[in-house]
Amino acid sequence: PFTVKQCSVFFATMPSHDMSEVRKHNKEQDCWIVINGKVYDVTKFLDEHPGGVDVLLDQAGSDATAEFEAVGHSESATKLTEKYCIGTAEGLPPPVAKKPPTVVHQPNQSGGGMAPIFVVIALIIAAAAYFMTQQ
């Protein structure tokens with residue numbers, strides 16, 4: 001296991017690859033992808049990928065971050081990527097900040113609120129008054 005300092009030094013000294021270079025590696029014999037700003041040479045992993053070769057080849061030479069995250073990879077799958085990391089990516093567009101979901105209050109379409117309770121109470125009072133006057 002590496003210390004935090006060793007990891008920081010490793011990532012600081014990783015080679016940087018421009019996206020124009022990454023785009024050249026888009027074949028089954030030479031397949032790079034970018035995930036979260038890191039470049040991975042997944043050529044030797046293609047046949048091992050549980051989702052199949054085509055899933056990775058569809059993303060070859062490009063930023064596959066959104067697709068990788070959309071699948072919901074396990075922690076062990078994410079950890080497995082480390083051994084294929086060959087550097088960092090340069091020339092990526094800045095990440096788009098994810099907006100929290102907007103909650104819109106929609107009134108209850110059935111009339112909502114306390115109105116049904118008041119109707120029930122009014123009916124009980126009316127019934128009680130009717131029976132009291134009948135005696």
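## The order of helices and strands

Walking along the sequence, you meet helices (α) and strands (β) in the pattern α-β-α-β-β-β-α-α-α-β-α. That adds up to 6 helices and 5 strands in the protein. Keep in mind as you look around that this is a predicted model.

## How the sheet is put together

How are the 5 strands arranged in the sheet? They form an open sheet in the order β1-β5-β4-β3-β2, with mixed pairing. The edge strands are β1 (16–18) and β2 (26–27), and each of these pairs on one side only. It helps to know that strands of a sheet pair through backbone hydrogen bonds, and that the pairing can be parallel or antiparallel.

Strand β5 (residues 85–90) is a good place to see what "mixed" looks like. With β1, strand β5 runs parallel, and 3 bridges join the two. You can find S16 standing opposite T88 in β5, while D18 has E90 as its bridge partner in β5. With β4 (residues 38–41), strand β5 runs antiparallel, and 3 bridges join this pair too. Here, look for Y40, which stands opposite C85 in β5.

## A buried threonine

Now find T65, in helix α4 (residues 65–71). Is T65 buried or exposed? With a relative accessible area of 14%, T65 is buried, because residues under 20% are given that label.

Which residues does T65 touch? Apart from its neighbours within four places in sequence, T65 is in contact with V34, I35 and N36. One of these, N36, offers a detail to look for: the side chain of T65 reaches the backbone nitrogen of N36 at 2.7 Å.

## One salt bridge

How many salt bridges does a search of the whole structure find? The search finds 1. Its partners are E21 and K24, whose closest N and O atoms are 3.6 Å apart. This distance counts because a salt bridge needs the side-chain nitrogen within 4 Å of the carboxyl oxygen.

The two partners can also be described by how much of each is accessible. E21 is partly exposed, with a relative accessible area of 29%, whereas K24 is exposed, at 54%.

## A nonpolar patch on the surface

Nonpolar side chains can be found on the outside of this model as well. I117, F118, I121 and I125 form a nonpolar patch on the surface, and together they have about 410 Å² of accessible area. Take I125 as an example: it lies in helix α6 (residues 115–133). The relative accessible area of I125 is 55%, so I125 is classed as exposed, a label for values over 50%.

## The protein as a whole

Finally, step back and look at the overall numbers. The protein has 135 residues, and buried residues make up 21% of them. Its accessible surface comes to about 10500 Å², and carbon and sulfur atoms account for 63% of that surface.

What share of the contacts with a separation of 6 or more comes from residues 24 or more positions apart? The share is 68%. The contacts of T65 with V34, I35 and N36 are a handy place to start if you want to see which residues touch in the model.

Methods:
Residues numbered from 1 in each chain as written. Predicted model: local features only at pLDDT ≥ 70, side-chain atom pairs only at ≥ 80, totals over all residues. Heavy atoms only, no water. Buried < 20%, exposed > 50% of the residue type's maximum accessible area, 1.4 Å probe, protein only. Pairing = 2+ DSSP bridges. Helix = DSSP H or I, 4+ residues; strand = E, 2+ residues; numbered from the N terminus. Polar contact = N/O pair within 3.5 Å; in protein donor to acceptor, adjacent residues only side chain to side chain. Contact = heavy atoms within 4.5 Å. Patch = residues over 30% accessible without salt bridge, like charges linked within 9 Å, V, L, I, M, F, W, Y side chains within 5 Å. Areas by Shrake-Rupley, 256 points an atom, 1.4 Å probe, with all protein chains shown as cover.
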